[in-house]
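These are my notebook entries, written down while looking through one model. I kept them in the order in which I looked things up.

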Amino acid sequence: QAERLIGTGYPGAPATREEFEREKAAALRKISEARAKLDASKAQIDAGRAELIKQRKQLSESQAQIAAMEKKLAASRKKLNESQARITSGQKELAAAKEDLAKGKQDYKTNRAKADKELADAAKKLSDGEAELKQLKKPEWYVLGRGSNVGYASFAGDTDRMDSLSTVFPLIFFLVAALVALTSMTRMVEEERTQIGTYKALGYGSGRIASKYLIYAGLASVLGSVAGIAVGVQVLPRVVWSAYGILYNAPSLVIPPNPGICAAAALASVFCTVTATYAACRASLRESPAGLMLPRAPKAGKRILLEHIGPVWRRMSFTWKVTARNLFRYKKRLLMTVVGIAGCTGLLLTGYSVRDAVEEIVSTQFDQVYAYNAHIGLKGGEITPGLKTLLNDKSNFTAWTADYSKTADITANGKTMSASLFVPENAKALKTFIHLNDRVSRADVPFGENSVVVTEKLAGRLQIGAGDTVTVKNSAGREFTFRVTGVTENYVYHYVYIAPSLYKAVTGETPDCNEVLAITPLTGGAARESLSKAVMAQSGVGTFTYTKEIIGRYDSMIRSMNLIVLVLIVSAGMLAFIVLYNLTNINVTERQRELATIKVLGFYDREVGAYIFRETALLTVIGCVLGLGLGILLHRFVIETAEVDIIMFGRVIKPLSYVWSAAFTLLFGLIVNLVMYRRLRRIDMVESLKSVD
């Protein structure tokens, strides 16, 4: 551009080419110098860039080293803190250990003298014991078999009692069953008199004719025996076993069939039925065929004893006179009904009385005999201050007393029984916790400083009373003699209450109290649980129980006994129903023509029913009265036979048991009358009055 402007005179344009060339050469030199500087600057930039990269790399490495060092520094600080914490904890433990060591040294100094004294006393006792041991005679060895074990012996005694019961109740059932069979078969033979006469007229022998009825009765008896054995062998033993399972820890009952017993029971049942049937057939088979084919002539009427009592007989209505005559007219039925109902009522009363006897154990023993409701067993033979503080707190216990109690052998009249030897700490305070009374007269039995009182069953088994002497043998084998001053009511276990001063005077020993009887006002479960924990937390306390817990165990026993009572009630009830139904049915059948006659004469159905059922009701009432007397005898037998050695059953039958026994019997009679009333209404007057001729 500058070259084109040479010599144009344009401002700033070169005037000549030489000037242009000079300017051009100068510009080229400047360009070369600038390029050289630029290349030098680029080289410097490249070197600086390389140095920057190197410095950045070194910076990254330094930063990584710094981070690693910071991490190590944090770990070192953490270890330093932990070490400082351990040092602080160790210093505290060291201080506590130094304190314990100082206290231990002080305790050692304090107790060393006491320990040295105790060791010296122990060494003296040991030397005295060794000296006494050298003076002892050579001991005698006794080898006791399984029969000497208390549990086995008690169980064997209970099985013997059940064996005695098993010989009584079956006799009652067999007797009633034989009476029912005799009545039923007698009626059956009487109804078939014409057939029997026809058989005899056709040439059949008496044995052939009797075999019909004997086979019939025998088959029925065999079928009943099979059903009874199948049910009775499995049900009744399990009921009894469950009741005695409360007293014994025994395995589940296994009942293998006993062919001998089953066969004996079946043969006895068949024998009773067949014998009754043969007795019913024998009288009819003695008659001639002509006599058998005619109705039996009615017996000649006789005046009954009641008719000889004029003032009574004249004031009786016509229906009651007929009832009285009919009762004595059919003496066999009267006897059967009265005996059957008496047996059933007696069994019912026996069942209820057994329940009363067991219930009286709980209600009397824990409500009347025992006044305390808490028992504390001691381990060390002394009451610690902490326990005494709890006992003296009226919010916990209103009264308490300590005593010594231990099992000992009591011997009198050549008999020995195990009993609890009870020595109260305070003789006068005993009656606050245990009431000593005579069971029959309810009078208090005195207990003073020279008293020895034994419980009723123990006195009965040893045959002792007030004024007799007993020998007490302690665990060391020493024997001491005491004179009994009274006999008290008691139902659970056997006790011998001895005044503490008398015990010390006779034995020369002061008994260490090992239990506490107390009365607590607490009734709530949570409050009693809290008190129980507080008492058990005291040193020297072994056990703490409330009598309510013992009552609960006896309630289980009562429930099991109720099961046995239920079996007796059901069995007796079924027997009563069968007896009443069978005899009433026979009564209606025998007197069907008589009932049809009075219906023809205008008697209403209710009057006809009263005509028959009045006799049944009267006989039922008589049977109930006699059955209650029989039940009293059975009650005494069962109680004396069934009760175990450590328990005395109640001897009193509650009035309500008499009421329930009679009420159930009368109820069964009412049910039978209601069932038979429908049959009385269906009696056909025309057919019943037709002559057999």
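**Charge over a ring**

I began with Arg 528, which lies over the face of Tyr 546 at 4.6 Å from the ring centre. I note here that the model is a predicted one, and that every value below is computed from it.

**Aromatic pairs**

I next looked up the ring contacts and found that the structure holds 11 aromatic pairs. Trp 660 and Phe 664 form one of these, a tilted pair with 5.9 Å from centre to centre and 35° between the planes. The two residues are four apart in helix α19, so about one helical turn separates Trp 660 from Phe 664. I checked the accessibility of both: Trp 660 is partly exposed at 40%, and Phe 664 is also partly exposed, with a relative accessible area of 23%. Following the ring pairs further, I arrived at a cluster that links Tyr 352, Trp 660, Phe 664 and Phe 668.

**Nonpolar surface patch**

Staying with α19, I looked at a nonpolar surface patch of about 940 Å², whose members include Leu 566, Phe 577, Tyr 581, Leu 670 and Leu 674. Which helices each supply at least two residues of the nonpolar patch? They are α16 (547–590) and α19 (655–681), and the largest share, six residues, comes from α16. I took Leu 674 as an example from helix α19; its relative accessible area is 56%, and because the cut-off for exposed is over 50%, Leu 674 counts as exposed.

**Helix α6**

I then tested the length of helix α6 (residues 259–285): at 1.5 Å a residue its 27 residues should span 39 Å, and the end C-alpha atoms are 37 Å apart, which agrees. I listed its buried residues as well, among them Cys 262, Thr 273, Ala 276, Cys 281 and Leu 285.

**Salt bridges**

The count comes to seven salt bridges, and I went through several of them. Glu 287 pairs with Arg 193, with the closest N and O atoms 3.1 Å apart. Glu 287 lies in the loop between α6 and α7 (289–292) and Arg 193 in helix α4 (residues 193–201), so this pair ties together parts that are 94 residues apart in sequence. Are the partners buried or exposed? Glu 287 is partly exposed, with a relative accessible area of 23%, whereas Arg 193 is buried at 6%.

Another salt bridge joins the side chains of Arg 439 and Glu 456, at 3.0 Å from N to O. Arg 439 sits in the loop between α12 (430–433) and β4 (452–455), and Glu 456 in helix α13 (residues 456–462), 17 residues apart. I recorded both as partly exposed, Arg 439 at 23% and Glu 456 at 21%.

The side chains of Glu 489 and Arg 442 also meet in a salt bridge, at 2.7 Å from N to O. Glu 489 belongs to the loop between β7 (486–488) and β8 (495–498), and Arg 442 to the loop between α12 and β4, so parts that are 47 residues apart in sequence are tied together. Glu 489 is buried, with a relative accessible area of 4%, while Arg 442 is partly exposed at 39%. I also found Lys 599, Asp 605 and Arg 681 joined into one network by salt bridges that share partners.

**Helix α20**

My last entry concerns Val 686, which lies in helix α20 (residues 685–688) and is exposed at 57% relative accessibility. Val 686 and Arg 593 are 93 residues apart in sequence and 9.6 Å apart in space, C-alpha to C-alpha.

Key
Residues are numbered from 1 along each chain as its sequence is written. This is a predicted model: local features need pLDDT of at least 70, side-chain atom pairs count only at pLDDT 80 or more; totals for chains, interfaces and linings use all residues. Side-chain values use heavy atoms; hydrogens and water are left out. Patches are made of residues with over 30% relative accessible area and no salt bridge: like charges are joined within 9 Å, nonpolar side chains (Val, Leu, Ile, Met, Phe, Trp, Tyr) within 5 Å. Accessible areas come from the Shrake-Rupley method with a 1.4 Å probe; for residues, only the protein chains shown count as cover. A salt bridge is a side-chain nitrogen of Lys or Arg within 4 Å of a carboxyl oxygen of Asp or Glu. Buried means under 20% relative accessible area, exposed over 50%, partly exposed in between (1.4 Å probe, protein chains only). Rings of Phe, Tyr and Trp (its six-membered ring) pair if their centres lie within 6.5 Å; planes under 30 degrees apart count as stacked, over 60 as edge-to-face and the rest as tilted. A charge sits over a ring if NZ of Lys or CZ of Arg is within 6 Å of the ring centre and within 35 degrees of the ring normal. The expected span of a helix is 1.5 Å times one less than its number of residues.
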